[in-house]
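Welcome! Here are some exercises to help you find your way around a new structure. Try each task on your own before you read the solution.

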Amino acid sequence: MRAALTEARKAADAGEVPVGAVVVLDGTVIGSGFNHPISSHDPTAHAEVVALRAAARAIGNYRLVGATMYVTVEPCLMCVGALVHARIGLVVYAAAEPKAGALESMTRAHELDGLNHRLNTIGGVLADDSRDLLQAFFRQRRARTADPE
């Protein structure tokens, strides 16, 4: 999770919402990414999707069977769909996302009938660290908006 938090800080430094993700297979990070939909003009450039793409390229297969995704915020519905299609075995996330989290907060999308793969999940790992990073980012953003120089 600490590697995912490092990725999240890269997003914050780039002015993007600080979410980071890493994919680990057999104890090795095979893909990493951070949020950058604004700078890339790509609505799918969430940390999870970026990390999945990098991992799939690294092993030469879109099926990441047996891999674990570590992500700093509970994934959204789009990202849960990508995780299912990638056949990720375990998703470990830090902070819950009450408005859009699709593993437990808003819905449990990974448990829908008809899915061809099931994800295991663990939430709350280093949640305070992730939450602190998010809150600091949005505090700074609000301060800049309130003080237009």
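## Exercise 1: Two cysteines

The sulfur of Cys 76 lies 3.7 Å from the closest cysteine sulfur, which belongs to Cys 79, and this is too far for a bond. Keep in mind that you are looking at a predicted model.

**Task.** Work out why Cys 76 and Cys 79 are not bonded, and how many disulfides the whole structure has.

**Solution.**
- Step 1. Recall that a disulfide is a covalent bond between the sulfur atoms of two cysteines.
- Step 2. Take the cut-off: the two sulfur atoms must be within 2.5 Å.
- Step 3. Compare: the sulfur of Cys 76 is 3.7 Å from that of Cys 79, so the pair is too far apart for a bond.
- Step 4. Look from the other side: Cys 79 is in no disulfide, and its nearest cysteine sulfur is that of Cys 76.
- Step 5. Widen the search: the whole structure has zero disulfides.
- Step 6. Add the surroundings: Cys 79 has a relative accessibility of 0%, so it counts as buried.

## Exercise 2: Following the strands

**Task.** Start at strand 1 (residues 20-25) and find out which strands pair with each other and in which sense, parallel or antiparallel.

**Solution.**
- Step 1. Strand 1 pairs with strand 2 (residues 28-34) in the antiparallel sense, over six bridges. Val 23 has Gly 31 in strand 2 as its bridge partner.
- Step 2. Look at the turn: strand 1 and strand 2 form a hairpin with two residues between them, and Asp 26 in this turn has a positive phi of about 55°.
- Step 3. Strand 1 also pairs with strand 3, again in the antiparallel sense, with four bridges. Here Val 22 stands opposite Tyr 70.
- Step 4. Move on from strand 3 to strand 4: these two are parallel and share five bridges. Val 71 stands opposite Tyr 93 in strand 4, and Thr 68 has Leu 90 as its bridge partner.
- Step 5. Strand 4 and strand 5 run parallel, joined by four bridges. Val 91 stands opposite Thr 121 in strand 5.

**Task.** Which strands are mostly covered: what can you say of strand 3 and strand 4?

**Solution.**
- Step 1. Use the cut-off: a residue is buried under 20% relative accessible area.
- Step 2. In strand 3 (residues 68-73), five of the six residues are buried, so the strand is largely enclosed by the rest of the structure.
- Step 3. Strand 4 also has five of its six residues buried and is mostly covered.

## Exercise 3: Positive phi in two loops

**Task.** Where are Arg 87 and Leu 126 found, and is each of them buried or partly exposed?

**Solution.**
- Step 1. Begin with the background: most residues other than glycine have a negative phi.
- Step 2. Arg 87 has a phi near 65°, a positive value. Arg 87 sits in the loop between helix 4 (77-85) and strand 4 (90-95).
- Step 3. The relative accessible area of Arg 87 is 14%, so Arg 87 is buried.
- Step 4. Leu 126 has a positive phi of about 55°, although it is not a glycine. Its place is the loop between strand 5 (120-123) and helix 5.
- Step 5. Leu 126 is at 26% relative accessibility and therefore counts as partly exposed.

## Exercise 4: The largest pocket

**Task.** Describe the largest pocket: how much space lies in it, and which residues lie nearest its centre?

**Solution.**
- Step 1. The volume comes to about 450 Å³.
- Step 2. The lining has 19 residues, and Val 17, Val 19, Val 73, Glu 97 and Leu 134 lie nearest the centre.
- Step 3. Sort the lining by class: 12 residues are nonpolar, two are polar and five are charged.
- Step 4. Ask which element gives the largest share: helix 5 (residues 127-146) does, with three residues.

## Exercise 5: A residue in helix 4

**Task.** Is His 85 in helix 4 buried or exposed?

**Solution.**
- Step 1. Locate His 85 in helix 4.
- Step 2. With 53% relative accessibility, His 85 counts as exposed.

How values were computed. Residues are numbered from 1 along each chain as its sequence is written. This is a predicted model: local features need pLDDT of at least 70, side-chain atom pairs count only at pLDDT 80 or more; totals for chains, interfaces and linings use all residues. Side-chain values use heavy atoms; hydrogens and water are left out. On a 1 Å grid over the protein atoms alone, a cavity is a set of points where a 1.4 Å probe fits but cannot get out, and a pocket is an open set with protein on both sides within 12 Å along at least five of seven lines; lining residues have an atom within 4 Å of a point. Grid points are joined across faces, edges and corners, and a volume is the space filled by probe spheres set on the points. Ala, Val, Leu, Ile, Met, Phe, Trp, Tyr, Cys and Pro count as nonpolar, Asp, Glu, Lys and Arg as charged, and the others, Gly among them, as polar. Buried means under 20% relative accessible area, exposed over 50%, partly exposed in between (1.4 Å probe, protein chains only). Two strands pair if DSSP finds at least two bridges between them.
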